[in-house]
Structures are given as C-alpha cells and as structure tokens.
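Got your viewer open? Let's take a walk through this one, one selection at a time.

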Amino acid sequence: NNDNNNNRKIEKIITNDQSIPFNEVYSLTSFWWFAPFWSGGGYCSEAISFALALQNHIKDFRITHHGDEYSRQFTSTLSRDVFYSLKKLETRYDIIPEKSIVICHSG
C-alpha cells in the first residue's frame, strides 16, 4: 500500500555497524546538509525531497547549496512554498558545524 510507505518514520540510524535510535541522535545535535539544492537535476530533486520531509522532524536543521552551479532557470520553476521553505532552512545561521552532523550530498 503506497500510503503506508509515505507515512514511514525514521526509527534508527545505522552507522559503523551500530544501530542508534533516531530520536537520540537528533535530540542531541543539529544537522547541516550540503547538496545542490538550487541547481536542478537528480541530486537536487532528491535533496529537496529529503529536506522538505525532514524539516518537520528535525528541530535544528540547515541546508547549504553545494556541488553544482546555481540555476536561476531551475529556481524559477519551484513553487513559492517550496522556494521559501528551502530559503528558511538555508538561513538557519544558529546551526554551527562543530555541533552538527554535517552531510555532503553531491556527486
């Protein structure tokens, strides 16, 4: 059933062969995700989908455009809601790398 797949929750993260309950990870730290959010293409679409889904589940979450050239043509195709949701995440200046799990999502 497709509805069940869309409503799945992240329950744990596996790292270095250890399983850590997700609520323990995200309650202790912030996340800073670098990806080609403003370029268009496969990595961009994937990153946007993840960011929009995670923004409501991770309190301290920031994104930064990284990896590909900014595309004004692509950003003009984004809905107003998506554009401003991403901009809000991008301008989270209270998130600092030393206290974050930093993710690089680019080719």
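Before the first click: contact here means heavy atoms within 4.5 Å. Keep in mind, too, that you are looking at a predicted model.

Start with helix α5 (80-90). Select Leu86, Leu89 and Glu90, which are the buried residues of α5. Now look down the helix axis: these buried residues fall within an arc of 100 degrees, so they line one face of α5. What covers them? Among the elements lying over the buried residues of α5 are α3 and β4. Next, turn to the face pointing away from that buried side, where you will find the exposed residues Arg80, Asp81 and Lys88.

Keep Leu86 selected and step into the largest nonpolar core, which has 17 residues. Add Trp33, Phe37, Ile48, Ala51, Phe61 and Ile63; together with Leu86, these touch the most other members of the core. Four elements, β3 (30-35), α3 (42-54), β4 (61-65) and α5, each supply at least two residues of this core. Which of them gives the most? That is α3, with 5 residues. As a general note, nonpolar side chains in soluble globular proteins tend to be buried together.

Zoom in on Phe37. Setting aside neighbours within four places in sequence, Phe37 is in contact with residues including Cys44, Ala47, Ile48 and Ala51. Its contacts also include Ile63, Phe74 and Leu86.

Now color β3 and β4. These two strands pair in the parallel sense over 5 bridges; to see one pairing, pick Phe31, whose bridge partner in β4 is Phe61. Follow the chain from β3 through α3 to β4, and you trace a right-handed β-α-β crossover. Is β4 enclosed or open? Of its 5 residues, 4 are buried, so β4 is largely enclosed by the rest of the structure.

Stay on β4 and select His65. His65 is partly exposed, with a relative accessible area of 21%. Leaving out neighbours within four places in sequence, His65 is in contact with Ala35, Pro36, Phe37, Trp38, Ser39, Tyr70 and Glu90. You have already met Glu90 among the buried residues of α5. Try a distance as well: the C-alpha atoms of His65 and Ser106 are separated by 9.8 Å, though these residues are 41 apart along the chain.

Last stop, two cysteines. Are Cys44 and Cys104 buried or exposed? Cys44 counts as buried, at 0% relative accessibility, while Cys104 is exposed, with a relative accessible area of 53%. If you go hunting for disulfides, the structure holds 0.

Methods:
Residues numbered from 1 in each chain as written. Predicted model: local features only at pLDDT ≥ 70, side-chain atom pairs only at ≥ 80, totals over all residues. Heavy atoms only, no water. Disulfide = S-S within 2.5 Å. Buried < 20%, exposed > 50% of the residue type's maximum accessible area, 1.4 Å probe, protein only. Core = buried A, V, L, I, M, F, W, Y, C linked by side-chain atoms within 4.5 Å. Pairing = 2+ DSSP bridges. Right-handed = clockwise from strand over helix to strand, strands pointing away. Arc of directions from axis to C-beta.
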